[in-house]
Amino acid sequence: MFSDYRFIFWVYASLTLLASIKVVFLEGSNNYSIFYHSLYHLLDGKSLYDLYPDEYSDHYHYAPTFAALFAPVFALPYSVGLFIWQFLFAGVWVYALYRMPLPKQQKVFGYWFGLHELFTSLVNSQTNPLIGAIPLFVFMSFEKRKPFWAAFFVVLGFNIKIYSLVAAALFLLYPQRLRFLASMLFWGIVLGALPILLTSPAKLLWQYEMWVRQLLIKSDHDKWANTSIHRLVHIFISPEVSTAIIIGLGVLLFCTVYVHINRYKERSFQLLMIASVLIFQVIFNPVSESPTYITAVTGVLCWWFCCPQTWLDRGLMISCFVLTVLSPSDIFPSFLREQFVKPYVLKALPCVLIWFRVVYLMHKPAPKAYLLHEPDALVYS
């Protein structure tokens, strides 16, 4: 029963329904209020990035394109749009994993392992399940020799959360690179100009200027309130280490794997690259929060499916499930969460260690026993 897709999807649908009922009838959602009002601020020519305390707290941090992309949802009555919001993003993540060229056993494991982390994101009405799904869609587009659509998903992710641009790193593993870059330019123009349907060109340019300014302010303001490698470094090494240095070293280490040109066609290498992309964009994001970790956990699953699964790998996987997935829940002892997990950013630690393990494995030739099937032998669901 627990391997039956129908049962699994029923569980996901039931939990998504509970999340929707919770946010609509019990708690409300400040995040969705920010998204919802962005459409009307764009239509009225108001700054998307000012504070509107009568409507919501905090700032809008997304590109102007975001408000235009989801206009069909935001145009619905507030409660109706909020109710379906969770279904939209849960469905995208579930579908992305279902379409991955993986054995059914691995997909089933992925669904059960990621269930709670997805729920953590849903009850916060976040877009992160989509951000976790986008690199999977990019990978599948490349595998099907469709760089045009791979570029679409990269640019789509960028217009929601800029760190999604990391998914473009996959293009070096595949042919038709120039076509991909040209497609990136095309989709960048198309999606970037999409809000012109709702506002004037001058107003749109002004909104983009405000967006860049807001991103810089957010990065500086939240550097001590994140769940990422940045706080781990500041706590355990030195608070003087700058964000730029941490990201720069991370990018440098991330790019070292490109020296293994002869391994680009190995399925294990490709999955490890996806894992690196997904985990990197969370742990090196200086404004990461707990609900963003559905993206990193998706990367952890990609790593688990092709790693040697030694005692070290199993230990890392268990620590990820306990500290990353379960620590925000009522299952986890509140004393340990408040006294250890939150102060020492232990939710991020397993994902950080797994990312370093991923990079190590990409530099180490994979034993034949752990190489997955070549792309031509795979059947897409």
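Trainee: What makes Ile235, Phe236, Ile237, Phe335, Leu336, Phe340 and Tyr344 a nonpolar patch on the surface?

Mentor: Together these residues have about 710 Å² of accessible area, a value that comes from the Shrake-Rupley method with a 1.4 Å probe, with only the protein chains shown counting as cover. A patch is made of residues with over 30% relative accessible area and no salt bridge (a side-chain nitrogen of Lys or Arg within 4 Å of a carboxyl oxygen of Asp or Glu), and nonpolar side chains (Val, Leu, Ile, Met, Phe, Trp, Tyr) are joined within 5 Å, like charges within 9 Å. This is a predicted model, in which local features need pLDDT of at least 70 and side-chain atom pairs count only at pLDDT 80 or more, while totals for chains, interfaces and linings use all residues. Residues are numbered from 1 along each chain as its sequence is written, and side-chain values use heavy atoms, with hydrogens and water left out.

Trainee: Which helix supplies the largest share of the nonpolar patch?

Mentor: That is α16, with three residues; α11 (229-236) and α16 (334-341) each supply at least two, helices being DSSP runs (H or I, at least four residues) numbered from the N terminus.

Trainee: Why is Phe335 of helix α16 called exposed?

Mentor: Its relative accessibility is 55%, and exposed means over 50%, buried under 20%, partly exposed in between (1.4 Å probe, protein chains only), so Phe335 counts as exposed.

Trainee: Why is Cys351 not bonded to Cys320?

Mentor: Their sulfurs are 4.4 Å apart, too far for a bond, since a disulfide needs a pair of cysteine sulfur atoms within 2.5 Å. Cys351 has a relative accessible area of 0%, and is therefore buried. The whole structure has zero disulfides.
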